[in-house]
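Me: Before we turn to particular residues, I would like each label to be justified against its cut-off.

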Amino acid sequence: MAGALVVYESVFGDARRVAMAVAHGLCSRLQVDVACAREAPMLVPSDVCLLVVGGPTHAFGMPRPSTREGAVRDHAAVIPDVTFGLHEWLDAVRLPRGIQAAAFDTRMDHPVLITALDHAARTEEKLLRRLGATLAAPAEHFLVADVAGPLVDGEEDRARLWGQALAELVAPHRIPVRG
Ligand SMILES: Cc1cc2nc3c(=O)[nH]c(=O)nc-3n(C[C@H](O)[C@H](O)[C@H](O)COP(=O)(O)O)c2cc1C
């Protein structure tokens, strides 16, 4: 089976839960690895045909050192290294030629006017394109009830279904392997 890699950043665990649910959906057709950005490979193996990346929305964009420091200071978050996350991984990683990709973010359920400004997943997509990946599907957004979560009811199921749909897009003819 071809492989998929899911790489996430998560401060309070919500984007991690989404990443795991997406991986669950993907594994119907693909062999899946999941890693947080700090532990993800800097050279993605050539048998990986799909890369899914995602993380929280911070200050309308992707987390960066100053917003991670803000999460520690203002929300008692525990972050082992505020200097490295998904953005920094995407700045440095090398991807195999021809890889497909998709992006997600987690965000608050703000009024539409404010969420329209959020661009975490848009920035992730921009970085993926810059790395030469082809976007397999539009980015997906998953809602949290508050800064430290939890995910809104039904979002993990939606993430699993999104993963399943992505697997069907990139591996349409593969027969699921059981056992
Ligand atoms: C410093 C900081 C800035 C944030 N800015 C935004 C924002 O601009 N828009 C938004 O929808 N949520 C914002 N949030 C809430 C995060 O989106 C929320 O903490 C995240 O989705 C939870 O995911 P996680 O548990 O994986 O960290 C912010 C949170 C923090 C800590």
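Reply: A salt bridge is a side-chain nitrogen of Lys or Arg within 4 Å of a carboxyl oxygen of Asp or Glu. This is a predicted model, in which local features need pLDDT of at least 70 and side-chain atom pairs count only at pLDDT 80 or more, while totals for chains, interfaces and linings use all residues. Residues are numbered from 1 along each chain as its sequence is written, and side-chain values use heavy atoms, with hydrogens and water left out.

Me: Why is the contact of Arg-73 and Asp-74 called a salt bridge?

Reply: The N to O distance between the side chains of Arg-73 and Asp-74 is 3.2 Å, which is within 4 Å and therefore fits the definition.

Me: What makes Arg-73 exposed or buried?

Reply: Buried means under 20% relative accessible area, exposed over 50%, and partly exposed in between (1.4 Å probe, protein chains only). Arg-73 has a relative accessible area of 61%, so Arg-73 is exposed.

Me: How do you know that Arg-68 forms a salt bridge with Glu-88?

Reply: The closest N and O atoms of Arg-68 and Glu-88 are 2.8 Å apart, and therefore the pair satisfies the cut-off. The pair links distant parts of the chain, with Arg-68 in helix 2 (residues 65-75) and Glu-88 in helix 3 (residues 86-92), 20 residues apart; helices are DSSP runs (H or I, at least four residues), numbered from the N terminus.

Me: Why are Arg-68 and Glu-88 called buried?

Reply: Arg-68 has a relative accessible area of 1% and Glu-88 has 16% relative accessibility, so both count as buried.

Technical notes. Helix = DSSP H or I, 4+ residues; strand = E, 2+ residues; numbered from the N terminus.
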